[in-house]
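Me: I am new to this structure and would like a close look at one part of it. Please start with any enclosed space inside, and then lead me onward from there.

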Amino acid sequence: MPHALQVHGPRLMVWLVLSVIGGVLLARSELAQWREAFETDARISHRLLSQRVVQHEAVLATLALLQPTSPPGSADPAEQRLPSVYPQILSVLRRDPVSTWPDTTLPQAEQASRQSHTAVLANVDFTSARGRYQLVLAAQPASYALLIDVYGTVPWSDWPMPVQSSPVRVTLEHAGQVFVVQPGHITGSGWRFEFRKPLASASQPFEVVALRQVRWSELPWGAMVLWVLVVAAALAIWSAWQRQRSARRRAEELLRVGQVARLNTLGELAAGMAHELNQPLTAILANTQAARRLLQDDPPELTTALHAMDQAAAQARRAAEVLGRLRRTVEQPSPAASGQPVDLAQAVRNAIDLLEPECKLRAVVPSVHLAHPVRVLAERVALEQIVHNLLTNALQALDLVPASERQLRIDIASNQGMGVLRVADTGPGIAPETLPHVFQPFFTTREGGLGLGLSLCETLASGMGGQLCAQANEPRGAVFVLTLPLAPAS
């Protein structure tokens, strides 16, 4: 589980961050659209109500300008026809010089209107179901008052929102009184939009208040979930591409390491044969030339010539033995090739990365223990080849034990001027009688093996001034220890 979290943790974090950012942007975009629609509807509502209340002022101004011709105290038919033309006007009152207002508050409103030369509010009542108020205008010779129905003032035929189903609450407010034009749905938590603006009438300064409550359930959850799935799919495609590229790179590295190993093996074979065959071939050439001269003498020295031919035959048999054994002795690498500082832990990581598919196939998780950075003097490719061979041998040994018992531990440390790499497995181990021969060329206990890998590793290690040895692991398994000279401190 920790290994899986380490591998997939960054991708999960990227997916989570992108999902949150995308969800927030989608929610903000949706909220911006709702706010724009809300403000548009609120402005339309304010404009329609303003047109209606201005219409009331115009009606009063018309009545005051066109004074009726009926005698004082009598009702004028034109006045009484106004409610049929304007349904929101419930009645029209007229005070002649010889009459009085039926309500005691109207004289005060008339006096205020006479001083301001504009219509004045009176008897505002927003507590009733439909709401009512009076509008008084002082004029000569008669003054007028309109009784107005607030609910009827609303132009429902042109209203921009469905009254019962719209979530927007619209009210008219005046002096602490509130008349609900549209109930809306203002409940729960969420985001609140608000619009406040007085009507465009000096005589009827009612404030239009619109509220919109956006609940959590109204967020675009469908689009947000779709975004999360799109991000997950994109990351999955990207991860698959990354894995494919990593596998291709790993295959190329494995091919390169294999080519280097084959070239080193061929180099060992060639160097060994050249070294071992140099002396017998030289002796064969010298003896055959001596025998030729002896046979050309007059008289020929047959006994000495026969002895020289016997020596040539002996050297030929020695050469045949060399070819039969195919002993490998690699030339010592040059100081420039073997003296480069190399991070031992990085070489181990590179080898583990190359062998990751094999580790997963065997359900083996290599355990690397590093107390502090260790840099050794080595040839990087040769060091990586040694580590690769040691880990490959350990994985092949772990194939012979149950999966639950497979452990591969790698320790990196330094001791007395040497860098130490310790590779321990819990496989079946190496028999005590076999242990002294594991580094001999062509010696192998694995079916189908060539017996060249460990011999090559030991040769490369000694060529870099180091050493490779094997020992038993407790309670079971094998341990291979590689020591190389430490690189000098910078």
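Reply: Happy to help! A cavity here is a set of grid points where a 1.4 Å probe fits but cannot get out, and a residue counts as lining if it has an atom within 4 Å of such a point. Please keep in mind that this is a predicted model.

With that in hand, the structure holds one cavity of 30 Å³ or more. The largest cavity has a volume of about 40 Å³. Its lining is made up of Leu49, Val53, Tyr133, Val150, Thr153, Val154, Leu172, Leu199 and Phe206. Two elements, helix H1 (2–65) and helix H5 (150–153), each give two or more residues to this lining. By character, eight of the lining residues are nonpolar, one is polar and none is charged.

Helix H1 also leads us to a pair of rings. Seven aromatic pairs are found in the structure. Take Phe38 and Phe193: their ring centres are 6.1 Å apart and the planes meet at 45°, so this pair is tilted. Phe38 belongs to helix H1 and Phe193 to strand E7 (residues 190–198), so the pair ties together parts that are 155 residues apart in sequence.

From here, let us move on to a sheet. Five strands make up an open, mixed sheet, in the order E10-E12-E13-E15-E14. Strand E10 (367–370) and strand E14 (467–472) are its edges, each pairing on one side only. On average, neighbouring strands in this sheet are turned by 15° against each other, direction ignored.

Starting from the E10 edge, E10 runs parallel to strand E12 (residues 408–415), and four bridges join them. Here Ser367 stands opposite Arg409 in E12. On to the next pairing: E12 and E13 run antiparallel, joined by eight bridges. In this pairing, Asp411 stands opposite Arg422 in E13. The hairpin of E12 and E13 has two residues between the strands, and Gln416 takes a positive phi near 55° in this hairpin.

Helices lie across this sheet as well. Helix H9 (residues 344–354) lies across E10, E12 and strand E13 (418–425), and it runs at about 165° to E12. Helix H12 (residues 453–463) lies across E14 and strand E15 (478–485), running at about 135° to E14.

Conventions. Residues numbered from 1 in each chain as written. Predicted model: local features only at pLDDT ≥ 70, side-chain atom pairs only at ≥ 80, totals over all residues. Heavy atoms only, no water. 1 Å grid on protein atoms, 1.4 Å probe; cavity = no way out; pocket = protein on both sides within 12 Å on 5 of 7 lines; lining within 4 Å. Points joined across faces, edges and corners; volume = space filled by probe spheres on them. Nonpolar A, V, L, I, M, F, W, Y, C, P; charged D, E, K, R; others polar. Pairing = 2+ DSSP bridges. Axes fitted to C-alpha atoms, helices over the stretch in contact; angles between N-to-C directions. Contact = heavy atoms within 4.5 Å. Phe/Tyr/Trp six-rings, centres within 6.5 Å; stacked < 30°, edge-to-face > 60°.
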